[in-house]
Amino acid sequence: MRINSKENVFARYAVSPDPSITHRALILGCIAKGKTYVINPCLNDNSRTAISCIKKLGAKVKIKNGVVEIKPPKTLASGGRFDCERSETVMRFLCGIAAGSGIRIELTGDKWLCQRPMRSVKEPLETMGATVALKNYSVPPILVEGETVRPIDYFLPIGSSQIKSSILLCALTGKVRATIKEGTRSRNHMEILLKEMGADITTDAENNTVDLKESEIKGKKLYVCGDFTEAVYFLAQGLLSGRTECRNVGVNPTRTRVLQLFRRMGAKIKIINRRMLCGEPIADVIAEKSDLKAILVTDEEAYSVVDELPALAVVMGMARGESVVAEHAAMKDLDEHLYDEISKMIRSVGGQSRRFDSPKARGIAITGVEKYCGGNFKCENSAYVGMAASIALAVSEDGGEIEEETTVTAKYPDFFDSLSENAFAYVCKRSTIPDISAVNAFLFDKFGAGNYSYAVKEARAAKKLSAEIKDFDGIEACRELAPEATKRAIKFSGVAKLTKSADALKGSEGVATDEFALSAAVKKIQAETENKRVLVIGSDFRAKNAVESLVEKKANVEVYDPDGKNIFEIKKRMGEETVILTEISEDAEYELIVNATTYGSGGKTGVLPIDESVIPKTKAVVDFAVCNGQTELAAAASAVGVKVVGGMEYVFYKAYAANAFFAEREPRENEAAELYEEYIESEKTSE
């Protein structure tokens with residue numbers, strides 16, 4: 001899969017439903033009393049495996065309209081052979097249910113799962129009285145024979161949510177008490193769901209303990225929030241390039257430690273709109289491009305953020321200095337190759353990383369680079385490393401290829417769709433409008449877009465424009481690249497039908513945003529154009545679109561090119577209704593002057609496109625040129641009381657027109673003006 005690079009990305013991502021909560025809800029629905037409805041589930045490969053297994057236990061399962069309905073069996077089926085495929089979670093949870101229920105089952109999986117260590121689940125369940133037989137006393141297949149189990153008071157030196165949940169499931173189905181203390185705190189989704197479903201369970205976060213008394217749980221509606229771990233990968237993109245927002249994300253404190261590490265690096269991260277959903281805290285999380293510095297991550301810290309570690313590594317790869325991530329001894333049981341894969345991934349995208357291994361410590365050292373250059377990466381065992389590589393390529397110089405991307409989609413089916421769908425860009429040779437991505441993100445938000453990304457894309461050569469834009473759903477092209485964009489349009493709308501000049505494309509349809517922007521600007525300053533004398537300065541496609549738009553409004557248009565272009569070419573381009581000037585008379589008076597040149601910006605900053613004596617005799621000015629502050633023309637007009645729409649306001653109206661086109665909605669001049677004022681106020685507030 002090709003991942004193209006994007007500059008200055010402003011995005012909102014709809015993250016996948018949390019798989020950890022989904023798996024636990026499905027399993028609990030199988031042993032609850034009455035029907036359970038899992039709403040907004042994550043239907044990845046592992047959850048489908050869970051559904052297959054609970055069906056084999058006797059549960060009836062229906063999936064419809066984003067809801068999984070589970071009707072539990074009266075008695076769990078015994079004697080079956082369960083294929084857990086690649087899911088350690090499902091295997092460990094089924095061990096707990098079988099051990100407590102007094103049934104006999106055999107559990108197996110794919111080649112990878114049958115090499116995973118399972119002694120950590122065998123020991124507590126056998127302490128409770130069950131029989132758990134492993135191949136070579138270590139790995140699957142597993143034979144579980146449940147007995148009348150006894151209460152347990154168990155200590156987990158290294159916190160593990162899966163082992164803890166297996167013990168709780170055994171105690172719940174065996175109707176005994178279980179008290180568990182963890183050396184390090186693990187995620188607590190199982191405890192939250194048990195409490196929601198009526199179990200007599202208490203937790204002590206300060207001492208990392210959970211106490212489940214003999215209980216019965218009842219089926220109910222369980223809502224699944226957005227997955228925090230997937231959100232972290234999108235947030236990493238924002239920290240390195242622009243701004244990203246993830247909404248309705250679970251921010252359970254047992255999951256969010258990586259945010260502390262990001263903030264130690266200097267990351268700008270905000271959590272807003274906090275609320276609760278089925279016992280889980282959720283919020284909207286925003287990450288903005290930050291000046292990042294290297295940090296040291298201890299082995300205990302790294303172990304506690306293991307799922308987010310590849311994303312953290314990618315951010316470290318563009319931080320100042322050398323970051324060090326120590327490796328915990330327990331990683332051998334969790335994923336002994338993860339650090340090697342992370343280090344390889346960083347190097348494959350153009351970063352600097354090395355593994356170190358000494359008698360005192362193991363880990364990774366990552367030296368920050370200014371920017372990843374891009375490359376190719378082959379996903380192997382870790383979906384998270386593949387996701388991290390995708391983000392690194394998205395913020396790199398040249399992008400690259402992700403091979404065997406099914407490793408990622410098996411866990412997060414919609415990850416690549418979220419990364420690429422509703423993708424729009426401002427395409428330019430060199431970005432000269434610093435606020436363009438922020439403007440468009442503001443407009444997408446106002447238009448109600450739930451999932452989008454907007455980026456600045458620098459096309460180094462006009463003839464390569466097709467390659468630069470092929471993966472975007474829509475583009476707005478800068479003045480220099482608009483002629484190339486026009487060549488890719490098959491259908492034209494609005495004034496572009498007449499001029500055959502388009503600077504915004506969606507698919508093969510093109511529009512000229514200057515038509516609406518000029519109309520909105522003229523209305524804003526209440527300039528009359530019908531049968532009025534109007535001067536358009538310039539002769540390129542933008543001037544042509546402006547002329548056609550003004551002619552449609554029955555203005556008497558005159559065109560002047562300060563660069564002295566061939567008058568016959570201009571006449572041919574503009575049409576017979578237009579007067580072409582070689583110079584402007586000193587006594588000329590205009591209702592409106594439209595500057596469609598770059599005078600006042602770029603290499604022509606501080607230069608007037610016309611003689612200053614003409615300005616006081618006009619009533620209004622619309623200036624296309626953008627600079628830091630006011631152009632010379634806008635400043636001169638404002639100084640003598642002439643109404644002005646400056647370059648950034650005009651850019652906003654053009655962006656509004658492009659976004660309305662992308663969103664397939666009718667643009668409205670009054671709305672555009674109101675939103676511009678709101679945008680300016682929001683920018684002042686954020687400063």
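In this predicted model, three strands come together in an open sheet, arranged in the order S1-S23-S22 and with mixed pairing. Strand S1 (2-3) and strand S22 (375-378) take the edge positions, and each has a single partner strand, so one side of each is left without a neighbour in the sheet. It helps to recall that strands of a sheet pair through backbone hydrogen bonds, in either a parallel or an antiparallel manner. For S22 and strand S23 (residues 400-403), the sense is parallel, and the pairing extends over 4 bridges. Within this pair, Gly-375 is found opposite Gly-400 of S23. The sheet also has a helix for company: helix H13 (residues 383-394) lies across S1, S22 and S23. Relative to S23, helix H13 runs at about 170°.

A hairpin offers a second pairing to look at. Strand S16 (residues 268-277) and strand S17 (residues 280-288) are joined in the antiparallel sense, with 8 bridges between them. One of the residues to look for here is Lys-270, whose bridge partner in S17 is Ile-286. Between the two strands of the hairpin there are 2 residues, and Cys-278 in the turn has a positive phi of about 50°.

Turning to the helices, a pair of packed helices is described by the angle between their axes and by the distance between those axes. For helix H20 (residues 513-524) and helix H24 (residues 647-662), the packing angle is about 130° and the axes are 8 Å apart. Angles between 115 and 145 degrees fall in the oblique class, and H20 and H24 are therefore oblique to each other. The crossing in which H20 passes H24 is right-handed. On the H20 side, the contact is made by Thr-513, Asp-514, Phe-516, Ala-517, Leu-518, Ala-520, Ala-521 and Lys-524. These residues meet Glu-649, Tyr-650, Tyr-653, Lys-654, Tyr-656, Ala-657 and Ala-658 of H24. Sorted by character, the residues of this contact comprise 10 nonpolar, 1 polar and 4 charged.

These elements can now be placed in the chain as a whole. The protein chain contains 25 helices and 35 strands. Along the principal axes, its C-alpha atoms fill a box of roughly 105 × 55 × 40 Å. The chain has 687 residues, and 57% of them count as buried. Finally, consider the contacts in the protein chain between residues at least 6 apart in sequence: 71% of these join residues at least 24 apart.

Terms used
Residues are numbered from 1 along each chain as its sequence is written. This is a predicted model: local features need pLDDT of at least 70, side-chain atom pairs count only at pLDDT 80 or more; totals for chains, interfaces and linings use all residues. Side-chain values use heavy atoms; hydrogens and water are left out. Axes are lines fitted to C-alpha atoms, for helices over the stretch in contact, and angles run from 0 to 180 degrees between N-to-C directions. Angles under 35 degrees count as roughly parallel, over 145 as roughly antiparallel, 65 to 115 as roughly perpendicular and the rest as oblique. A crossing is left-handed if the near helix is turned anticlockwise from the far one by less than a right angle, and right-handed if clockwise. Contact means heavy atoms within 4.5 Å. Ala, Val, Leu, Ile, Met, Phe, Trp, Tyr, Cys and Pro count as nonpolar, Asp, Glu, Lys and Arg as charged, and the others, Gly among them, as polar. Two strands pair if DSSP finds at least two bridges between them. Buried means under 20% relative accessible area, exposed over 50%, partly exposed in between (1.4 Å probe, protein chains only).
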